[in-house]
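Biologist: Could you walk me through this chain, one question at a time? I would like to see how each answer is reached.

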Amino acid sequence: MAKVISTLFISADGVAEIDPEWHFPYFDDNMGRAVTEDYDTSDVLLIGRETYDSFAGAWPDREAAGGEDAPFAKQLGDMRKVVVSRQPLEFSWRNSELVDGDLVDAVTALKADAGVKGILIPGSISVVQQLLAAGLVDELRLLIHPVAARKGRRLFDEGDGAYHLRVTATEVFPTGVIRVIYAPAEAPGAVGYDDIKDQVPAGS
């Protein structure tokens, strides 16, 4: 079964709606390598309308220009792109299609498709939030910047239940960016103060 992987640039205070002013100063070869690793996991991009418009407005031109980022632009162009939108779209970028029907149903079918290696969600906060709530995200790959953005849309919205996660990998870059890969985890057993009071630091 194919994995659904979310990859996000995110601030220390949880803002995933990136601002170039706090994002680009921290982009280096290490971050580029991490992004490449994330994209190499998958052959399907699952993206929201805003992310599609941003990508389609930039990467085809970069591929055509033949600059140093042209190989990555071609990789993106060659990938199958499934776009989540409430409105019909006329696609200008090759290998693009509108999500078929309900998002959760469509992603469940993609995960079960033997012809799909992996499904990557770059950005697309609302898509990630919906799939987290449905229990369909297999990995969160976060590149946490050493900055408190203080404004912008956060990854985790308010809800009734907590998302429990386990760390499967971490890496600290020279810029201070921390790469953390999370997978879903079972909630720990109930613990109260009486259960941990013997571990509280003793007074001096």
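The questions below go from the whole chain to single residues and pairs.

Biologist: Let's begin with the overall picture: what share of the 204 residues in the chain is buried?

Modeller: Happy to, and please keep in mind that this is a predicted model. The chain has 8 helices and 8 strands, and its C-alpha atoms fill a box of roughly 70 × 40 × 30 Å along the principal axes. The accessible surface comes to about 11,700 Å², with 50% of that belonging to carbon and sulfur atoms. Of the 204 residues, the buried share is 38%.

Biologist: Among contacts between residues at least 6 apart in sequence, what percentage joins residues at least 24 apart?

Modeller: Contact here means heavy atoms within 4.5 Å. Counting the contacts between residues at least 6 apart, those that join residues at least 24 apart make up 71%.

Biologist: Which residues does UniProt list for the bacterial bifunctional deaminase-reductase C-terminal domain?

Modeller: The listing comes from an unreviewed UniProt entry. In the model, the listed span is 34% helix and 24% strand, and its end C-alpha atoms lie 25 Å apart. The entry gives the domain as residues 3–177.

Biologist: Now to strand S2: how many of its 5 residues are buried?

Modeller: In general, side chains of a regular strand alternate between the two faces of the sheet, so each face can be checked in turn. On one side of S2, Val44, Leu46 and Gly48 are buried, and on the other side Leu45 and Ile47 are buried as well. For S2, residues 44–48, the count is therefore 5 of 5, with buried meaning under 20% relative accessible area.

Biologist: Which strand pairs with S2 over 5 bridges?

Modeller: S2 pairs in the parallel sense with strand S5 (residues 118–122) over 2 bridges, and there Leu45 stands opposite Leu120. The other pairing is also parallel and has 5 bridges, with Gly48 standing opposite Val84. That partner, residues 80–84, is S3.

Biologist: Staying with S3, is Val83 buried or exposed?

Modeller: Val83 lies in strand S3. Its contacts beyond four places in sequence include Ile47 and Gly48, along with Tyr52, Leu89, Phe91 and Val99. Because the relative accessible area of Val83 is 0%, Val83 counts as buried.

Biologist: Which strands and which helix do the buried residues of helix H7 pack against?

Modeller: H7 covers residues 125–133, and its buried residues are Ile125, Val127, Val128, Gln129, Leu131 and Leu132. After H7 comes Gly135, with a positive phi near 70°. The buried residues of H7 pack against strands S1, S2, S3, S5 and S6 and helix H6.

Biologist: Turning to charges, how far apart are the closest N and O atoms of Lys3 and Glu139?

Modeller: This salt bridge links distant parts of the chain, with Lys3 in strand S1 and Glu139 in strand S6, 136 residues apart. Lys3 is partly exposed at 42% relative accessibility, whereas Glu139 is buried at 10%. The closest N and O atoms of the pair are separated by 3.1 Å.

Biologist: How many residues apart in sequence are the parts tied together by Arg33 and Glu171?

Modeller: Arg33 and Glu171 form a salt bridge, their closest N and O atoms being 2.5 Å apart. Arg33 belongs to helix H2 (residues 29–40) and Glu171 to strand S7 (residues 165–172), so the separation in sequence of the parts they tie together is 138 residues.

Biologist: Are Asp38 and Arg141 buried or exposed?

Modeller: These two form a salt bridge with closest N and O atoms 2.7 Å apart. Asp38 lies in helix H2 and Arg141 in strand S6, so the pair joins parts 103 residues apart in sequence. Asp38 and Arg141 also belong to a network of salt bridges that includes Lys3, Arg33, Glu37, Glu139, Glu171 and Arg179. Both Asp38 and Arg141 are buried.

Biologist: Last one, on the surface: which residues make the nonpolar patch of about 380 Å²?

Modeller: One member, Ile196, is placed in helix H8 (residues 193–196). Ile196 is partly exposed, with a relative accessible area of 31%, and a patch residue needs over 30%. The patch is made by Val191, Tyr193, Ile196 and Val200.

Note on methods: Residues are numbered from 1 along each chain as its sequence is written. This is a predicted model: local features need pLDDT of at least 70, side-chain atom pairs count only at pLDDT 80 or more; totals for chains, interfaces and linings use all residues. Side-chain values use heavy atoms; hydrogens and water are left out. Patches are made of residues with over 30% relative accessible area and no salt bridge: like charges are joined within 9 Å, nonpolar side chains (Val, Leu, Ile, Met, Phe, Trp, Tyr) within 5 Å. Accessible areas come from the Shrake-Rupley method with a 1.4 Å probe; for residues, only the protein chains shown count as cover. A salt bridge is a side-chain nitrogen of Lys or Arg within 4 Å of a carboxyl oxygen of Asp or Glu. Helices (H or I, at least four residues) and strands (E, at least two) are DSSP runs, numbered from the N terminus. Buried means under 20% relative accessible area, exposed over 50%, partly exposed in between (1.4 Å probe, protein chains only). Two strands pair if DSSP finds at least two bridges between them. UniProt positions are given in the numbering used here, feature names are shortened, and annotations may be inferred rather than shown by experiment.
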